[in-house]
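Ready for a few warm-up exercises? Take a look at the sequence and the structure, then try each task before you read its solution.

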Amino acid sequence: MNSLERSLQIGLIGSLCVILFVFWWTATLSSRMLTERFVFGRLAVKASNIESILEFSDVPEPSVQLGRYKLDPAYGLPASGHYFVVRTDDRLLMSRSAWEQFFEVPVLVPGEKRLLRTTGVSGEALLLWYGGFSEGGQEFTIAVAENVSPIKAKLQVFQWFSAIVAFVLLVGMLSVQRLIVKHSVDKLETIQRDMQRLEHGQAVSLSEDVPDEVLPLVREFNRLLRRYDQRLRQSRNAAGNLAHSLKGPLNLLLRCTESTHIGRAEQTLIGQNAESIRQLIESELKRARLAGRGTVGQRFVVDEELPALIGLLEQVYSDKTVDVRYNIGPGVELVHDRQDMLELIGNLLDNAVKWSRSVVIINLRSADGILMDVEDDGPGCSPEELGRLTERGVRIDESVAGHGLGLSIVKDIVDSYEGRLELATSARLGGLRASVYLPSRSLSRD
């Protein structure tokens, strides 16, 4: 069973059922034992009263009879529920009420006592108390009985009442326990929501307002997150530093191609390869500038970062005048990873500005996801060229700086979000139009 909440609920239900059943059984047994003890005590008192008024006579023959003191009138009524029998060696003296009960009275020695549960002739429950006595040299046994059916009926009512109370307590305790467990599990769901916010760039760490049992795990995750962010920054800085350090020696190498000590063919070969390396370095430096110093999990804030990105590209292509226009529709929110969006939008704009003559338009709108169109007024591409643009390393015009990776990177990012990239001729500007669709369900990357 993998559900922690379900395991706790089942364990608590089982425990409470056992506890309340033991409580109900103990209360029922205790009430029955206390009641019987009380009745047996009362029968013992009645037996003493009977013994105190017995009169024995040997004239004209041995006999036993009740004295002039009167007993409970119930003994004189048939089937009254109160009975007594006195047994001597050869005679039985019984109450009028006991005539129909046919009690068997054993012979007990003086001081001996017995307790018995039995049923009467009508099936009623009886409690019998036997005791041996001796008076004036005469030994006899007294049996006193009482019908406890009315008491048992009241005990059954008490048992049902106890069962109902126990059931109500069970429901109440289960409800309270359910709320407690649900409240505890809700705190775990907070971690899940924090992780979704972290994925969408709305948080940089998990909240530590969690149960003590999972707090070490959350703290360890946050520590790893900070460590990963630190390493990412170090990698970016290392890539930038490496590119900067290679630019100087590379420029010297390019100047060496102008030397007259090497042949024309060697100059051309060295120049082409050195230029290719220089473009790769420029590309990495551009990516480092686009990434900035963002941390893991940050989101791309369109209203703030798109103008900054356009300004950066205008600086990169300061040798040409390009009017970059943008329109952000209502409700547009890029809750995707900031680094991914920087590379996606940056590469699309970089490609558009590079090929445009004077105008680039970017349009973002919501439509069960995000739709993004980037258009330019450049030369555009033929249908055959459009089909090859997203292939890695493909360059349509070798005379223009670049290494054919921009649109390939864009396609990889769009595919990772289960989106769609379409390339076509811009009907408005005549150049290339790149349309990107990022579905809303990709936000969670199910």
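**Exercise 1.** How many residues does the largest nonpolar core have, and which of them have the most contacts inside it?

*Solution.* Keep in mind that this is a predicted model. Start with the count: the largest nonpolar core holds 39 residues. The ones with the most contacts inside it are Leu344, Ile345, Leu348, Leu349 and Met372. Next, see where the core comes from: α5 (302-316), α6 (338-355), β9 (359-366), β10 (369-376), α8 (406-416) and β12 (432-439) each give two or more residues. Of these, α6 gives the most, with 8 residues. Now zoom in on Leu344: setting aside neighbours within four places in sequence, its contacts are Met372, Val410, Ile413, Val414 and Val436. Finally, there's a second, separate core of 19 residues, and Ala47, Leu54, Val64 and Phe84 are among them. As a general backdrop, nonpolar side chains in soluble globular proteins tend to be buried together.

**Exercise 2.** In what order do the strands of the open sheet of 5 strands run, and which helices pack on this sheet?

*Solution.* Read off the order: β8-β9-β10-β12-β11, with mixed pairing. The edge strands are β8 (323-328) and β11 (420-425), since each pairs on one side only. On average, neighbouring strands are turned by 10° against each other, direction ignored. Then pick one pair: β10 and β12 are antiparallel and share 7 bridges. Val374, for instance, has Ala434 in β12 as its bridge partner. Now add the helices. α5 packs on the sheet and touches β8 and β9, its direction making about 170° with that of β8. α8 packs on the sheet too, touching β11 and β12, and its direction makes about 140° with that of β11.

**Exercise 3.** Is Ile142 buried or exposed, and which residues is Ile142 in contact with?

*Solution.* First locate Ile142: it sits in strand β7 (residues 138-147). Its relative accessibility is 0%, so Ile142 counts as buried. Leaving out neighbours within four places in sequence, its contacts include Ala47, Ile50, Leu54, Val85, Trp129 and Phe133. For a sense of the fold, Ile142 and Thr88 are 54 residues apart in sequence, with 9.0 Å between their C-alpha atoms.

**Exercise 4.** Why does Asn363 count as buried, and which side chain does a polar contact join to that of Asn363?

*Solution.* Asn363 belongs to strand β9. The cut-off for buried is under 20% relative accessible area, and Asn363 is buried because its value is 16%. Its side chain is joined to that of Asn327 by a polar contact of 3.0 Å. Not counting residues up to four places away in sequence, Asn363 also touches Leu371, Met372 and Asp373.

Technical notes: Residues are numbered from 1 along each chain as its sequence is written. This is a predicted model: local features need pLDDT of at least 70, side-chain atom pairs count only at pLDDT 80 or more; totals for chains, interfaces and linings use all residues. Side-chain values use heavy atoms; hydrogens and water are left out. A nonpolar core is a set of buried Ala, Val, Leu, Ile, Met, Phe, Trp, Tyr and Cys residues joined through side-chain atoms within 4.5 Å. Buried means under 20% relative accessible area, exposed over 50%, partly exposed in between (1.4 Å probe, protein chains only). Helices (H or I, at least four residues) and strands (E, at least two) are DSSP runs, numbered from the N terminus. Contact means heavy atoms within 4.5 Å. A polar contact is a pair of N or O atoms within 3.5 Å; within protein, one must be able to donate a hydrogen and the other to accept it, and residues adjacent in sequence count only if both atoms are side-chain atoms. Two strands pair if DSSP finds at least two bridges between them. Axes are lines fitted to C-alpha atoms, for helices over the stretch in contact, and angles run from 0 to 180 degrees between N-to-C directions.
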